[in-house]
Amino acid sequence: MEKTWKPPTAGILSIVSGVFGLIGAIVIGVAGGTMAGLEGIPGISTIFAAIAIPLIILAIIAIVGGIYALKRRIWGLALAGTICSLLCVWILGIPAIIFVILGKGEFE
């Protein structure tokens, strides 16, 4: 089968989305720690951690899935990565999912 631009494009979109998600999670975590120190609100850092930690996990899966999409390996992991990228930055995740699904035949 002829190789197209779809899986590499999906991989790049997924990786970029994952990096933005990782940066966002770090900002959320730091903001939670700062607010807990400044405001003295009990439990605020726990709330921010409850948001930041799952976002970090989703971002890492998005980045790993993006790498697999670039290499055209393990379609299921590439698809899982693009779905996680949808949860990090939806505007990049939607085309990533579409491109990975359209390029399914190119994966080993």
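Select helix α4 in this predicted model and colour its buried residues, which are Leu92, Gly93, Ala96, Ile97, Phe99 and Val100. The helix has 13 residues, and the distance from its first C-alpha to its last is 18 Å, close to the 18 Å expected at 1.5 Å a residue.

Stay on α4 and show the side chain of phenylalanine 99, which is buried with a relative accessible area of 18%, a value that falls under the 20% limit for that class. Then add tryptophan 5 to the selection. How are the rings of tryptophan 5 and phenylalanine 99 arranged? Their centres lie 5.0 Å apart and their planes stand at 80°, so the pair is edge-to-face, given that plane angles over 60 degrees are counted in that way. The count of aromatic pairs in the model comes to one. Because tryptophan 5 belongs to the segment before α1 (6–39) whereas phenylalanine 99 belongs to helix α4 (residues 90–102), the pair ties together parts that are 94 residues apart in sequence.

With tryptophan 5 still displayed, add lysine 6, whose charged end sits over the ring of tryptophan 5 at 6.0 Å from the ring centre. A second arrangement of this kind can be found by selecting lysine 104 together with tryptophan 75, where the lysine lies over the face of the ring, 4.5 Å from its centre.

Next, bring up helix α3 beside α4. The axes of these two helices come within 6 Å and cross at roughly 160°; α3 and α4 are therefore roughly antiparallel to each other, since angles over 145 degrees are put in that class. In passing α4, helix α3 makes a left-handed crossing.

Now select α3 by itself, a helix of 14 residues that reaches 20 Å between its first and last C-alpha atoms, close to the 20 Å expected at 1.5 Å a residue. Which residues of α3 are buried? They are Ala78, Leu79, Gly81, Thr82, Cys84, Ser85 and Cys88. Glycine 76 also lies in helix α3, but glycine 76 is partly exposed, with a relative accessible area of 43%. A distance drawn in the viewer from the C-alpha of glycine 76 to that of glutamate 2, 74 residues away along the chain, should read 20 Å.

Turn then to the other neighbour of α3 on this tour. Helix α2 (residues 44–71) packs with helix α3 (residues 75–88) at an angle of about 135°, and the axes of the two are 7 Å apart. On these values α2 and α3 are therefore oblique to each other, and α2 passes α3 in a left-handed crossing.

Select the whole of α2, which has 28 residues and spans 41 Å from first C-alpha to last, close to the 40 Å expected at 1.5 Å a residue. Its buried residues are Ile44, Phe48, Ala52, Leu55, Ala59, Ala62, Ile63, Gly65, Gly66 and Ala69. Centre the view on alanine 69 in helix α2, which is buried with a relative accessible area of 0%. The C-alpha of alanine 69 is 8.7 Å from that of serine 14, although 55 residues separate them in sequence.

Finally, follow the chain out of α2 and into the loop between α2 and α3, where arginine 72 lies. Most residues other than glycine have a negative phi. What is the phi of arginine 72? The value is near 60°, positive in a residue other than glycine, and this arginine follows α2. Arginine 72 is buried, with a relative accessible area of 12%.

Arginine 73 has its place in the loop between α2 and α3 as well, but at 37% relative accessibility arginine 73 counts as partly exposed. Add proline 7 to the view: arginine 73 and proline 7 are 66 residues apart in sequence, with their C-alpha atoms 9.8 Å apart in space.

The last stop is isoleucine 74, again in the loop between α2 and α3. This residue has a positive phi of about 45° although it is not a glycine, and at 45% relative accessibility isoleucine 74 counts as partly exposed.

Note on methods: Residues numbered from 1 in each chain as written. Predicted model: local features only at pLDDT ≥ 70, side-chain atom pairs only at ≥ 80, totals over all residues. Heavy atoms only, no water. Phe/Tyr/Trp six-rings, centres within 6.5 Å; stacked < 30°, edge-to-face > 60°. Helix = DSSP H or I, 4+ residues; strand = E, 2+ residues; numbered from the N terminus. Buried < 20%, exposed > 50% of the residue type's maximum accessible area, 1.4 Å probe, protein only. Lys NZ or Arg CZ within 6 Å of the ring centre and 35° of its normal. Expected span 1.5 Å × (residues − 1). Axes fitted to C-alpha atoms, helices over the stretch in contact; angles between N-to-C directions. Parallel < 35°, antiparallel > 145°, perpendicular 65-115°, else oblique. Left-handed = near helix turned anticlockwise from the far one by under 90°.
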